[in-house]
Amino acid sequence: MTVFNKIKGYVRNNSNMKNDINYYLNKNYKINPLTESIRISIIYGVAGVLWIVLSDEIVSKFVPNFTDYKIVAMYKGWVYVAITTALILVLIERRLKLFKKAVDKIYNYLDEINEVNEELLVLEDELREQNEQLKESQNSLAISEQRYELAVEGADCGIWDWDIENGVYFFSDKWKNYLGYEKNEISNNFDAWVYLIHPDEREDVIEKINEYLSSREGPYESIYRMKSKNGEYRWILSKGKGIWTKEGRPIRVAGSHTDITEHKIADDRLNFLARYDSLTKLPNRLYFEEKVNEIIYNCSEDSRFSLVYMDVDNFKNINDTLGHETGDILLKYISSILIEEIKEPNFAGRLGGDEFAILFKNPENKREVRIKLNNILVKLKEPWVCNKHKFFNSYSIGIAQYPENGCTLSTLLKNADIAMYNVKKNSKDNLCFYTEAMQEKELKYVELVNDLRSAIEKEEFKLVYQPIINLNTFELIGVEALIRWNHPIQGIISPREFIPLAEETGLIFYIGSWVFKAAMLQKKEWEEMGYHNIQMSVNISGSRITRKSLTEDIINIINEVGLKFEEIQLEITETAVMKDVDAAIEVLNVLKAKGIKIALDDFGTGYSSITYLKKLPIDVVKIDKSFIDGVSQSKEDNIILENIIKLTHDLKLKVVAEGIETKEQLEFLKDKKCNYGQGYLFKKPVDKEEIEKLLMLSQFVLN
Ligand code: C2E
Ligand code: CA
Ligand code: CA
């Protein structure tokens, strides 16, 4: 039974055998030739044995007859051969089919292996190539890393890298060292970096970098101060560049830090110099105007402000007589008061020279501005002590209101300036608000300047002459030429009014030259009429006296007309000379060397008249009318006058008393041995005809 089962199993196994070779491969089937042969032989053998045992039995059962049996047995032999042959054929064919499949499979594998092998060869080539490229790029990476390290080491620059995703903020060691920190002293996080930024800039810096991160483009740049270990802050320029994800999320920003402290200091200094006045530290004209323009630009409908223009009275004199250094000290002193008194949002500026400007923002009314300015004036008018001397300065202040007096800076400045001029000329107060009436006055001024320009051509000028008398002999020794302007509409205009105008506008050069020539021609005319030895005294304006061209002008005219230098006298004032004493002395020396006489006019009205008596090459001193006015009115005045005369005589100079109006004054002066005099007591300045009448007399006769 078991044998039968085995055979059944074998047959089942064999019939189960898949035609597919994979079946065997999966079962890890190993072909064993001996086993296979034994298997076939056993099947054959079993079949043979069964046939022998069973076939005879069956045949003998069904074929009882021996002859038939013999025939059947013979056919049975043939059947046996046929069956066993078929059995062997089937068994061998099945096994060989399997072998064929196995061999086919192997050939297939071989083909595949060959293909793969070829591919592997190609891949190997590629890999070799890639390997070479990798080596090359490793080399260049090493070189560029080296180069980068050298550059970072060499430059005063640090590297920073903010890995936003991982919250790491990295500083290069070099930068940490630069700021004086050890490697581990600064943690690698954002807060550690923020902590080092100057508190004043912290917020701005964070805002700026956040702005940059949300901008998602371009380079990042920021300037701020970072604290070094010793507590000192350094200005740094931080530059960098960011990377964002496709969705725009920042991943990292990295860049460099450069110490720009020295640059920044120099830059700030340049900025300061460009915007502030180096002497007074106040905003200069440019910056002041920029600030005002900005306010005008941002003005709303109900905004208002007051623009104040201020100048120091007689600053020119202070500068001229006490020197520029003292003038500078005064300007600094004034500025320090302005800086102290004027607080934000109001501000002051120095527009140039002795001109200052103040802006008061949104004042309630004019009264408020006046009160504020008066408070400042109280301080400004306190005695100013310089070189142990006390000075009392006064100021002229003009105010223009925005928007009533103008909507542009230039109009406001012009109107504040007009108001200030008004103070100078008319007002006893120190300050004045601009009014339309002032504008009219200003227009008149401009008109007058225009008229003055054409006055020479139109022959509107003429000279009058005031006799100068020898107080001892009453002889007429000479005349002072004084200009008159006969304006076609306004009539006679006093030189006290238009000479300053001519000086302001530069017209004095033409007018002065005209006066001198006219006076010389007059003297020549008188000489030709037979009146010799009449001294002609001509006033020389302050602006001309320091000009070298003056000497040429004067000498040429005298030569051209043909007069004796000794009979010509020039009247100069102390304040005119002070502008540039050395230049004036040079000019006067040349003229004096020619023989021309020099008279110091208005003596006693300046700051240090006596000093200049010795310094200047003068021949004559003309004592100002104000000293003569005081005669017999106050004893002190008499003493002063007497001493001036004495002093002048001691210096071997001649004295002329100006503005003698009374006999009392005359008597006093005669008594004190004053050499010469002029004044209404003798004669007012008169036309040449009147002088000619006097010239006919040998001696002056008082009425
Ligand atoms: P100054 O040189 O001191 O001239 C004297 C002034 O005093 C003259 O005024 C004259 O008329 C006036 N005067 C003379 N005696 C008396 C008197 O007894 N009482 C009074 N109250 N006044 C008297 P004027 O002519 O009006 O000239 C004023 C000033 O104008 C001159 O003062 C001088 O500084 C300037 N000036 C006049 N003519 C010329 C000129 O041709 N060139 C320049 N550069 N300045 C001139
Ligand atoms: Ca004079
Ligand atoms: Ca005078």
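Colleague: What makes the spacing D-D-x55-E the pattern for the calcium ion (ligand 3)?

Modeller: In this predicted model, the ion is coordinated by Asp 601 (OD), Asp 602 (OD) and Glu 658, whose OE appears twice in the list. Written in sequence, those donor residues give the spacing D-D-x55-E.

Colleague: How do you know that these atoms count as donors?

Modeller: For calcium, an N, O or S atom must lie within 3.2 Å of the metal. The coordinating atoms here are at 2.2 to 2.5 Å, so they meet that cut-off.

Colleague: And which residues hold the calcium ion (ligand 2)?

Modeller: That ion is coordinated by Glu 480 (OE), Asn 539 (OD1), Glu 571 (OE) and Asp 601 (OD), at 2.1 to 2.3 Å. Along the chain, the donors follow E-x58-N-x31-E-x29-D. Asn 539 lies in strand E16 (residues 535–539) and Glu 571 in strand E17 (residues 568–573), so this pair ties together parts that are 32 residues apart in sequence.

Colleague: What makes Asp 601 a bridge?

Modeller: Asp 601 is among the donors of the calcium ion (ligand 2) and also among those of the calcium ion (ligand 3). Asp 601 bridges these two ions, which lie 4.0 Å apart.

Colleague: Why is Asp 601 called buried, and what do you call Asp 602?

Modeller: Buried means under 20% relative accessible area. Asp 601 has 7%, so Asp 601 is buried. Asp 602 has 27%, and therefore counts as partly exposed, as that class runs between 20% and 50%. Try the other site too: Glu 571 has 1% and is buried, while Asn 539, at 31%, is partly exposed.

Colleague: Let's turn to charges. How do you know that Glu 201 and Arg 225 form a salt bridge?

Modeller: The rule asks for a side-chain nitrogen of Lys or Arg within 4 Å of a carboxyl oxygen of Asp or Glu. The N to O distance for Glu 201 and Arg 225 is 2.4 Å, so the pair qualifies. Both residues are buried. Glu 201 lies in helix H7 (residues 199–215) and Arg 225 in strand E3 (residues 219–227), so the pair ties together parts that are 24 residues apart in sequence.

Colleague: How many salt bridges does the structure hold?

Modeller: The structure holds 41 salt bridges. One of the pairs is Asp 268 with Lys 264, with the closest N and O atoms 3.4 Å apart, so it also falls within the 4 Å limit.

Colleague: Why are Asp 268 and Lys 264 said to be about one helical turn apart?

Modeller: Because they are four residues apart in helix H8 (residues 261–275). Lys 693 and Glu 690 are also about one turn apart, being three residues apart in helix H25 (residues 688–696). Their salt bridge has its closest N and O atoms 3.2 Å apart.

Colleague: What makes Glu 118 part of a negative patch?

Modeller: Glu 118 gathers on the surface with Asp 111, Glu 112, Glu 115 and Glu 119. Asp and Glu count as negative. A patch residue also needs over 30% relative accessible area, and Glu 118 has 56%. That value is over 50%, so Glu 118 counts as exposed. You can look for Glu 118 in helix H4 (residues 66–154).

Technical notes:
Residues are numbered from 1 along each chain as its sequence is written. Chains are lettered from A and ligands numbered from 1 in the order in which they are written. This is a predicted model: local features need pLDDT of at least 70, side-chain atom pairs count only at pLDDT 80 or more; totals for chains, interfaces and linings use all residues. Side-chain values use heavy atoms; hydrogens and water are left out. Patches are made of residues with over 30% relative accessible area and no salt bridge: like charges are joined within 9 Å, nonpolar side chains (Val, Leu, Ile, Met, Phe, Trp, Tyr) within 5 Å. Accessible areas come from the Shrake-Rupley method with a 1.4 Å probe; for residues, only the protein chains shown count as cover. The place of a charge is taken as NZ of Lys, CZ of Arg, CG of Asp or CD of Glu. Helices (H or I, at least four residues) and strands (E, at least two) are DSSP runs, numbered from the N terminus. Buried means under 20% relative accessible area, exposed over 50%, partly exposed in between (1.4 Å probe, protein chains only). Donors are N, O and S atoms within 2.8 Å of the metal (3.2 Å for Na, K and Ca); water is not among the atoms, so sites may look incomplete.
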